[in-house]
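Visitor: Could you take me through one part of this model up close? I'd like to see who sits next to whom, and then how that spot fits with the rest.

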Amino acid sequence: MAEYNTVPTKPNSIESEKAEIIFKALATNNSLTGLSMEDNKIGSGGTAVICKAFALNRTLKNLNINNNKIGHEGARALSDMFKCNKTLRELNINNNNIGSEGRRVICESLKRNRALALLYMQGNRINYEGAVALCELLKANNTIARLNIAVNYIGYRGAFFAVQNSCVQCYNYCVKHRGE
């Protein structure tokens with residue numbers, strides 16, 4: 001493991017129980033900078049284990065858990081992790097069905113986080129109110145340089161709100177913080 005900067009595991013049908021073995025090693029690893037668990041089946045339980053490892057590890061900077069069915073409970077685990085993790089710079093939680101509740105807890109925790117710069121939340125059932133909350137997050141946290149909320153339910157009103165509030169640019173429902 002020490003030879004690689006990022007460990008890719010796409011797709012290996014890694015489920016919550018099997019993921020725990022990998023994540024225990026991550027908690028004490030001092031050479032890895034990234035973990036890509038894209039297209040597995042870790043769910044909210046596996047996400048909770050990942051987050052415990054990321055809370056302890058000081059070298060991991062990138063986490064990709066795209067398409068893992070983490071739901072709002074997995075989003076809650078991520079939110080708890082942001083309270084103590086100061087190194088994670090990029091998070092991909094695309095296509096995880098986090099919904100309004102998951103978006104809410106992530107927004108709340110990221111208001112105080114000053115490490116995360118790239119956040120990918122495509123395809124998570126985020127609605128207009130979620131788009132508004134995420135725009136407010138970008139105003140409160142100028143560390144986040146890119147926010148992708150494509151393929152959600154923000155609609156024209158959400159896209160218009162993002163552009164109107166001048167903290168973001170909106171192209172095809174992909175929202176970016178100005179200054180990128």
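Guide: Let's start with Ser-79, which touches Val-105, Ile-106 and Ser-109, leaving aside residues up to four places away in sequence. Keep in mind that this is a predicted model. Ser-79 lies in helix α3, and it counts as buried because its relative accessibility is 6%, under the 20% cut-off. What does its side chain do in there? A polar atom of the Ser-79 side chain lies 3.1 Å from the backbone oxygen of Val-105.

Now step along to Leu-78. Ile-106 turns up again here, among the residues that Leu-78 touches. The others in that list, with residues up to four places away again not counted, are Thr-47, Cys-51, Leu-63, Ile-65, Ile-70, Leu-91 and Ile-93. Leu-78 also belongs to the largest nonpolar core, which has 41 residues. Along with Leu-63, Ile-65, Leu-91, Ile-93 and Met-121, Leu-78 is one of those with the most contacts inside that core. The helices α1 (16–28), α2 (43–56), α3 (71–82), α4 (99–110) and α5 (128–140) each give two or more residues to it.

How about the cysteines? The disulfide count comes to 0. Cys-107 is in none, and the nearest cysteine sulfur, that of Cys-135, is 9.6 Å away. Cys-107 is buried, with a relative accessible area of 5%, and Cys-135 is buried too, at 2%.

Last, the rings: the structure holds 0 aromatic pairs. Tyr-128 does have a charged residue over its face, though: Arg-157, at 3.8 Å from the ring centre.

Technical notes
Residues are numbered from 1 along each chain as its sequence is written. This is a predicted model: local features need pLDDT of at least 70, side-chain atom pairs count only at pLDDT 80 or more; totals for chains, interfaces and linings use all residues. Side-chain values use heavy atoms; hydrogens and water are left out. A nonpolar core is a set of buried Ala, Val, Leu, Ile, Met, Phe, Trp, Tyr and Cys residues joined through side-chain atoms within 4.5 Å. Buried means under 20% relative accessible area, exposed over 50%, partly exposed in between (1.4 Å probe, protein chains only). Helices (H or I, at least four residues) and strands (E, at least two) are DSSP runs, numbered from the N terminus. Contact means heavy atoms within 4.5 Å. A polar contact is a pair of N or O atoms within 3.5 Å; within protein, one must be able to donate a hydrogen and the other to accept it, and residues adjacent in sequence count only if both atoms are side-chain atoms. Rings of Phe, Tyr and Trp (its six-membered ring) pair if their centres lie within 6.5 Å; planes under 30 degrees apart count as stacked, over 60 as edge-to-face and the rest as tilted. A charge sits over a ring if NZ of Lys or CZ of Arg is within 6 Å of the ring centre and within 35 degrees of the ring normal. A disulfide is a pair of cysteine sulfur atoms within 2.5 Å.
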